[in-house]
Amino acid sequence: MMGTEADVTTPATDEVSRLAALRARLAAPMPDDRPWGWLGPLLVTAFGAWLRFDRLQVPRALIFDETYYAKDAWSILQHGVEWNYINPPNHPNLANTLILQGHTTGLFQSCSGAGCGEYVVQPEVGKLLIAAGEWLFGLNSLGWRFSSAVFGSLAILLMCRIARRMTRSTCSAASPGC
């Protein structure tokens with residue numbers, strides 16, 4: 001028994017229409033509020049940036065991992081690699097003390113051949129971003145915190161836009177109370 005051409009194409013067309021109906025039910029269209037789709041996340045990002053940049057220099061000290069990241073980033077700016085800092089036995093935090101006093105020279109150990117480089121365990125890209133902030137603002141608390149604040153603020157915008165795509169709701173993406 002041979003089927004006609006109409007018999008062969010009907011099931012395929014029926015399956016395509018069922019898939020189209022299923023897709024329409026499962027995937028809601030993107031909202032039409034295009035200006036608010038950007039304005040809402042930008043307002044949230046601006047607020048987050050203000051929170052990050054307000055009092056960015058406080059405290060004026062090397063805190064937690066900053067003692068490694070900030071010094072290694074400055075070393076990359078000065079030498080191209082992470083370099084050993086001065087570390088006398090009677091004053092192990094001499095480099096930190098000098099940095100907080102505003103000194104940017106005399107921080108590194110003298111090098112005579114191999115063994116001058118620091119033991120590197122921190123991520124390289126993070127130190128390069130910190131180095132960019134130190135290049136702009138110097139070896140101070142603003143310099144080593146600036147890049148983190150910039151990228152943290154951009155992450156807010158990115159998350160809001162991703163949330164809008166995933167939820168297909170501008171309100172959910174730009175407001176935690178929706």
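1. Let's start with the lining of the largest pocket: sorted by class, eight of its residues are nonpolar, seven are polar and three are charged. Keep in mind as you read that this is a predicted model.

2. How much space lies in that largest pocket? About 300 Å³. The lining counts 18 residues, and the ones closest to the centre are Y68, K71, Y85, N87 and E118. Two elements, α3 (66-79) and α4 (94-100), give two or more residues each to this lining. The largest share is from α3, with four residues. As for how such spaces are found, rolling a probe the size of a water molecule over the atoms shows where empty space is left.

3. Next, the nonpolar core. The largest one has 17 residues, and the most contacts inside it belong to W74, Y85, I99, L107, L139 and W144. At least two residues of this core come from each of α3, α4 and α5 (124-137). For background, nonpolar side chains in soluble globular proteins tend to be buried together. Y85 is worth a second look, as the name comes up both among the residues closest to the pocket centre and among those with the most contacts inside the core.

4. Which residues does W144 touch, once those up to four places away in sequence are set aside? They are A61, L62, E66, A70, I99, I130, E134 and L139. Two of these, I99 and L139, are also listed with W144 among the core residues with the most contacts.

5. Have a look at N96 in helix α4. Is N96 buried or exposed? With a relative accessible area of 14%, under the 20% cut-off, N96 is buried. The side chain of N96 makes a polar contact of 3.0 Å with the side chain of T67. Beyond the neighbours within four places in sequence, N96 is in contact with L62, T67 and K71. K71 you have met already, as one of the residues closest to the centre of the largest pocket.

6. R145 sits in helix α6. Despite the charged side chain, R145 counts as buried because its relative accessibility is 10%, and the cut-off is under 20%. Which residues is R145 in contact with, leaving aside neighbours within four places in sequence? The list is L56, Q57, V58, P59, A61, I63 and E66. A61 and E66 are touched by W144 as well.

7. Two of those R145 contacts, V58 and P59, are joined by a cis peptide bond, with omega at about -5°. P59 belongs to the loop between α2 (34-53) and α3. In general, most peptide bonds are trans, and most residues other than glycine have a negative phi.

8. On phi, there are two residues to check. F64 is not a glycine, yet has a positive phi of about 50°. F64 is in the loop between α2 and α3 and counts as exposed, at 71% relative accessibility. R168 also has a positive phi without being glycine, near 55°. Look for R168 in the loop between α6 (141-167) and α7 (170-174); at 33% relative accessibility, R168 counts as partly exposed.

9. Last, Q101, in the loop between α4 and α5. Why does Q101 count as exposed? Because its relative accessibility is 53%, and exposed means over 50%. Q101 and N140 are 39 residues apart along the chain, and 9.6 Å separates their C-alpha atoms.

Terms used: Residues are numbered from 1 along each chain as its sequence is written. This is a predicted model: local features need pLDDT of at least 70, side-chain atom pairs count only at pLDDT 80 or more; totals for chains, interfaces and linings use all residues. Side-chain values use heavy atoms; hydrogens and water are left out. On a 1 Å grid over the protein atoms alone, a cavity is a set of points where a 1.4 Å probe fits but cannot get out, and a pocket is an open set with protein on both sides within 12 Å along at least five of seven lines; lining residues have an atom within 4 Å of a point. Grid points are joined across faces, edges and corners, and a volume is the space filled by probe spheres set on the points. A nonpolar core is a set of buried Ala, Val, Leu, Ile, Met, Phe, Trp, Tyr and Cys residues joined through side-chain atoms within 4.5 Å. Buried means under 20% relative accessible area, exposed over 50%, partly exposed in between (1.4 Å probe, protein chains only). Contact means heavy atoms within 4.5 Å. A polar contact is a pair of N or O atoms within 3.5 Å; within protein, one must be able to donate a hydrogen and the other to accept it, and residues adjacent in sequence count only if both atoms are side-chain atoms.
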